[in-house]
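Hi,

Here is the structure I promised to pass along. Have a look at it first, and my notes follow underneath.

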Amino acid sequence: MSDPTEFAGIAALSIYEAPSLSLNNQKLLPERQAARELRAAVTAHENAPTIGLETKCHQAVADLINAIIVTKNTVRCL
């Protein structure tokens, strides 16, 4: 992973994930709402108009987000 845009994408996911999981743990954000937002991100990546390596990258991101939905934590799914 040497492309700066990959780091930016991972950082953006982490920036979203940390507060949303925290708000969910404190019962301020319903789990179904957090999952709904993550599923919307999955849909966006799965439907992104891409070719070649970009397609693999988008699918990898979708797979990672799906794992977050299941495990509720990135650390456990990496």
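Let me start with helix 3, where the buried residues are Ala62, Ile65, Ile68 and Ile69. They all sit on the same side of helix 3, because the arc they cover around the axis is only 115 degrees. That fits a general rule: an α-helix has 3.6 residues a turn, so residues three or four places apart point the same way. On the face turned away from that buried side you'll find the exposed residues Leu53, Lys56 and Val70. As for length, helix 3 has 19 residues and runs 27 Å from its first C-alpha to its last, close to the 27 Å expected at 1.5 Å a residue.

Before going further, a caveat: this is a predicted model.

What does the largest nonpolar core consist of? Its 7 residues are Leu13, Leu38, Val42, Ala62, Ile65, Ile68 and Ile69. Helix 2 (31-46) and helix 3 (53-71) each put in at least two of them, with helix 3 giving the largest share, 4 residues. Ile69 is a good place to zoom in: beyond its neighbours within four places in sequence, it is in contact with Ala35, Leu38, Arg39 and Val42.

Now the whole protein. There are 4 helices and 0 strands, so to speak α-α-α-α when read along the sequence. Of the 78 residues, 18% are buried. The protein exposes about 5,500 Å², and carbon and sulfur atoms supply 63% of that. Finally, taking contacts between residues at least 6 apart in sequence, 39% join residues at least 24 apart.

Cheers

Conventions:
Residues are numbered from 1 along each chain as its sequence is written. This is a predicted model: local features need pLDDT of at least 70, side-chain atom pairs count only at pLDDT 80 or more; totals for chains, interfaces and linings use all residues. Side-chain values use heavy atoms; hydrogens and water are left out. A nonpolar core is a set of buried Ala, Val, Leu, Ile, Met, Phe, Trp, Tyr and Cys residues joined through side-chain atoms within 4.5 Å. Buried means under 20% relative accessible area, exposed over 50%, partly exposed in between (1.4 Å probe, protein chains only). Helices (H or I, at least four residues) and strands (E, at least two) are DSSP runs, numbered from the N terminus. Contact means heavy atoms within 4.5 Å. The expected span of a helix is 1.5 Å times one less than its number of residues. The arc is that of the directions from the helix axis to the C-beta atoms. Accessible areas come from the Shrake-Rupley method with a 1.4 Å probe; for residues, only the protein chains shown count as cover.
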